[in-house]
Amino acid sequence: MIIGHLTKQPSEKFPITVTFAAELASSESVSSATVTARNSMTNESSSLIVLSGAVTVNTPNVTQTITGGVNGTRHVLTFKATTSLGNIYEGEIELLIKED
C-alpha cells in the first residue's frame, strides 16, 4: 500500500523513515526490516541506484537513506517490517527523481 510520496533531486542524499506504530500491539516491536526499490516504469530493481547503506530499526520506525537516481525516473520503495510476534507489515513510498 502506498503511504506517501516524495520528490528528490538526483544529487540529494538523506534518510527517510516509515513508522509502523499504528500496526503494532502494545507489547510488539519491530525485530527486523528490509527496504527494496523498483523502477516504476520498468518494474526492475533499483535498490542499487537509490538506496544507500543499511536499514535501521528503532521501533516503531524503519529508516533508510536514499541517494542518486536519474532525473525523471519514478521508484517505489517498499519498507517491510517483521515484528517480535512474527507479523509482517509493509509500507510503500513513491519516489520521483526530479531536477529543479
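How many helices and strands are there in the chain? I looked this up first and noted one helix and seven strands. I record at the outset that this is a predicted model.

**Entry: overall plan**

I followed the elements from the N terminus and wrote down the run β-β-β-α-β-β-β-β. I then looked up the overall dimensions. Along the principal axes, the C-alpha atoms of the chain fill a box of roughly 45 × 25 × 20 Å. The radius of gyration of the chain is 14 Å, which agrees with the value near 13 Å that a compact globule of 100 residues would have.

I also looked up burial and surface. Of the 100 residues in the chain, 38% are buried. The accessible surface comes to about 5,600 Å², and carbon and sulfur atoms account for 50% of that surface. For contacts between residues at least 6 apart in sequence, I noted that 66% join residues at least 24 apart.

**Entry: the four-stranded sheet**

In what order do the four strands of the open sheet stand? I read the order as β1-β7-β6-β3, with mixed pairing. The edge strands are β1 (2-8) and β3, each of which pairs on one side only. On average, neighbouring strands of this sheet are turned by 20° against each other, direction ignored.

I went through two of the pairings in turn. Strands β1 and β7 pair in the parallel sense, over six bridges. Within this pairing I located Gly4, which stands opposite Ile93 in β7, and Thr7, which stands opposite Leu96 in β7. Strands β6 and β7, by contrast, pair in the antiparallel sense, over nine bridges. Here I found Thr82 opposite Ile88 in β7.

**Entry: two hairpins**

I next examined how β6 and β7 are joined. They form a hairpin with four residues between them, and Gly86 in the turn has a positive phi of about 85°.

I turned to β4 and β5, which also form a hairpin, with two residues between them. Their pairing is antiparallel and runs over five bridges. As one of the bridge partners, I noted Ser52 with Thr65 in β5.

Which peptide bond is cis, with omega near 5°? I found that it is the bond from Thr59 to Pro60. I placed Pro60 in the loop between β4 (51-58) and β5 (61-67).

**Entry: the salt bridge**

How many salt bridges does the structure hold? I noted one. The side chains of Lys80 and Glu90 meet in it, at 3.6 Å from N to O. Lys80 lies in strand β6 (residues 74-83) and Glu90 in strand β7 (residues 88-97), so the pair ties together parts that are ten residues apart in sequence.

I checked the accessibility of both partners. Lys80 has a relative accessibility of 33% and therefore counts as partly exposed. Glu90 is partly exposed as well, its relative accessible area being 41%.

**Entry: Ser32 on strand β3**

I then selected Ser32, whose place is in strand β3 (residues 30-39). Is Ser32 buried, partly exposed or exposed? At 36% relative accessibility, I entered Ser32 as partly exposed; the range for that class lies between 20% and 50%.

Which residues does Ser32 touch, leaving aside those up to four places away in sequence? I listed Val57, Lys80, Ala81 and Thr82. Two of these names had already appeared in my notes: Lys80 in the salt bridge with Glu90, and Thr82 opposite Ile88 in β7. I also looked up the separation of Ser32 from Val62, which is 30 residues apart from Ser32 along the chain. Their C-alpha atoms are separated by 8.9 Å.

**Entry: Asn43 in a loop**

Finally, I looked at the backbone of Asn43. Its phi is near 65°, a positive value in a residue other than glycine. I found Asn43 in the loop between β3 and α1 (47-50). Its relative accessible area is 53%. Asn43 is exposed, because 53% is over the 50% cut-off for that class.

Definitions and conventions. Residues numbered from 1 in each chain as written. Predicted model: local features only at pLDDT ≥ 70, side-chain atom pairs only at ≥ 80, totals over all residues. Heavy atoms only, no water. Buried < 20%, exposed > 50% of the residue type's maximum accessible area, 1.4 Å probe, protein only. Contact = heavy atoms within 4.5 Å. Salt bridge = Lys/Arg side-chain N within 4 Å of Asp/Glu carboxyl O. Pairing = 2+ DSSP bridges. Axes fitted to C-alpha atoms, helices over the stretch in contact; angles between N-to-C directions. Rg over C-alpha atoms; globule rule 2.2 N^0.38 Å. Areas by Shrake-Rupley, 256 points an atom, 1.4 Å probe, with all protein chains shown as cover.
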